[in-house]
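Colleague: I would like to learn how to read a model like this one. Can we take it feature by feature?

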Amino acid sequence: MKKIIKRTVVGLLVLLFGLILILVPSSIQSSDQLKNVESTISLSSMVESGLENATVGTNGLSTEITINSKQFNQLLKPFLTDNQNQELLESAYSIEGDKLRLQLPIKILGVDSKLDLRFHVAYENHTLRFDLASSRLGNLPVPKAIVASILQNRLKDQSSNLAMEQETILVSLPESQFKITGLNIQDDTAKVKLTMNVSGLLGQ
């Protein structure tokens with residue numbers, strides 16, 4: 001009887017390990033990692049090109065810029081590099097549909113895998129909110145609450161600009177001459193509405 005129980009337990013462990021090897025592996029492509037992105041643009045240069053369609057109102061100049069995945073990565077890299085977020089620099093980011101996708105590297109039993117996460121994005125009071133919409137460990141769906149706990153432990157020492165509240169990542173943005181007044185993600189792009197007073201534009 002003991003032999004049967006022992007064999008059953010061993011069989012279950014082997015099956016579990018096999019399932020992990022089948023479902024969990026799905027590592028991040030090196031070319032997709034943020035650290036390998038060439039940063040050739042800045043927010044200022046994008047806003048300058050958007051001034052052609054700017055309007056003047058009581059709050060100053062207003063414009064809207066459209067950001068795709070490539071541009072988003074180029075804007076994000078200097079911010080994370082300055083804050084020395086090595087783990088986040090080894091991650092991959094993309095705008096897909098109406099969500100932001102984050103692929104975070106992780107190891108399971110010594111096997112390279114990733115947390116594959118999708119977020120709804122919003123902006124308020126100089127803070128970007130990333131609300132967790134779905135989560136996978138490699139190819140395996142996992143509860144958002146578990147992933148939120150993992151993220152909280154992994155991000156808590158990364159930067160003073162980052163915080164985690166339940167299933168939401170909060171990113172405090174640095175002071176800028178530009179003020180974000182609207183943010184909408186759809187059709188694989190982010191549309192950002194900005195205002196800037198005239199004195200800021202003139203450098204006064």
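Modeller: We will go from the overall fold to the core, the open and closed spaces, and then three single residues. Keep in mind that this is a predicted model.

Colleague: Start with the overall picture. How many helices and strands does the protein have?

Modeller: Count the secondary structure before anything else. Here there are 6 helices and 11 strands. Then look at burial. Of the 204 residues in the protein, 37% are buried. The exposed area is about 12200 Å², with 53% of it supplied by carbon and sulfur atoms.

Colleague: And the contacts? What share join residues at least 24 apart, among those between residues at least 6 apart in sequence?

Modeller: That share is 54%.

Colleague: Next, the core. Which residues of the largest nonpolar core touch the most other members?

Modeller: Read a core through its best-connected members. This one holds 42 residues, and the most connected are Leu80, Tyr93, Leu117, Phe119, Phe130, Leu151 and Ile169. Strand E4, residues 99-108, brings the largest share of this core, 5 residues.

Colleague: Take one of them. What is Leu151 in contact with, leaving aside neighbours within four places in sequence?

Modeller: Leu151 meets Leu104, Leu117, Phe119, Met164 and Ile169. Leu117, Phe119 and Ile169 are also among the members that touch the most others.

Colleague: Now the open space. Which residues lie nearest the centre of the largest pocket?

Modeller: For a pocket, ask for volume, lining and chemistry. The volume is about 1100 Å³. The lining has 41 residues, with Phe72, Leu75, Leu76, Leu128 and Leu173 nearest the centre. Helix H3, residues 69-82, gives the most to that lining, 8 residues. By chemistry, the lining splits into 33 nonpolar, 5 polar and 3 charged residues.

Colleague: And the closed space? What volume does the largest cavity have?

Modeller: Ask the same things of a cavity. The count is 1 cavity of 30 Å³ or more. The largest cavity has a volume of about 40 Å³. Its lining consists of Val47, Leu51, Leu61, Thr63, Phe178, Leu194, Thr195 and Met196. Strands E2 (60-67) and E11 (189-196) each supply at least two of the lining residues, and E11 gives the most, with 3. The lining has 6 nonpolar residues, 2 polar and no charged.

Colleague: Let us turn to single residues. Is Gln33 buried or exposed?

Modeller: Place the residue, then check its accessibility. Gln33 sits in the loop between helix H1 (2-23) and helix H2 (43-50). Gln33 counts as buried because its relative accessibility is 12%, under the 20% cut-off. Beyond four places in sequence, Gln33 contacts Ile28, Leu89, Glu90 and Ser91.

Colleague: Why does Thr127 count as buried?

Modeller: Use the same reading. Thr127 lies in strand E6, residues 127-137. Its relative accessible area is 17%, so Thr127 is buried. Apart from residues up to four places away in sequence, Thr127 touches Ala122, Leu170, Val171 and Ser172.

Colleague: One more. Where is Glu96 placed, and what is it in contact with, leaving aside neighbours within four places?

Modeller: Glu96 belongs to strand E3, residues 92-96. At 31% relative accessibility, Glu96 is partly exposed, a class that runs between 20% and 50%. Leaving aside those sequence neighbours, the contacts of Glu96 are Arg101, Arg118 and Asp188. Now compare sequence with space. Glu96 and Asn68 are 28 residues apart in sequence, and their C-alpha atoms are 9.3 Å apart.

How values were computed:
Residues are numbered from 1 along each chain as its sequence is written. This is a predicted model: local features need pLDDT of at least 70, side-chain atom pairs count only at pLDDT 80 or more; totals for chains, interfaces and linings use all residues. Side-chain values use heavy atoms; hydrogens and water are left out. A nonpolar core is a set of buried Ala, Val, Leu, Ile, Met, Phe, Trp, Tyr and Cys residues joined through side-chain atoms within 4.5 Å. Buried means under 20% relative accessible area, exposed over 50%, partly exposed in between (1.4 Å probe, protein chains only). Helices (H or I, at least four residues) and strands (E, at least two) are DSSP runs, numbered from the N terminus. Contact means heavy atoms within 4.5 Å. On a 1 Å grid over the protein atoms alone, a cavity is a set of points where a 1.4 Å probe fits but cannot get out, and a pocket is an open set with protein on both sides within 12 Å along at least five of seven lines; lining residues have an atom within 4 Å of a point. Grid points are joined across faces, edges and corners, and a volume is the space filled by probe spheres set on the points. Ala, Val, Leu, Ile, Met, Phe, Trp, Tyr, Cys and Pro count as nonpolar, Asp, Glu, Lys and Arg as charged, and the others, Gly among them, as polar. Accessible areas come from the Shrake-Rupley method with a 1.4 Å probe; for residues, only the protein chains shown count as cover.
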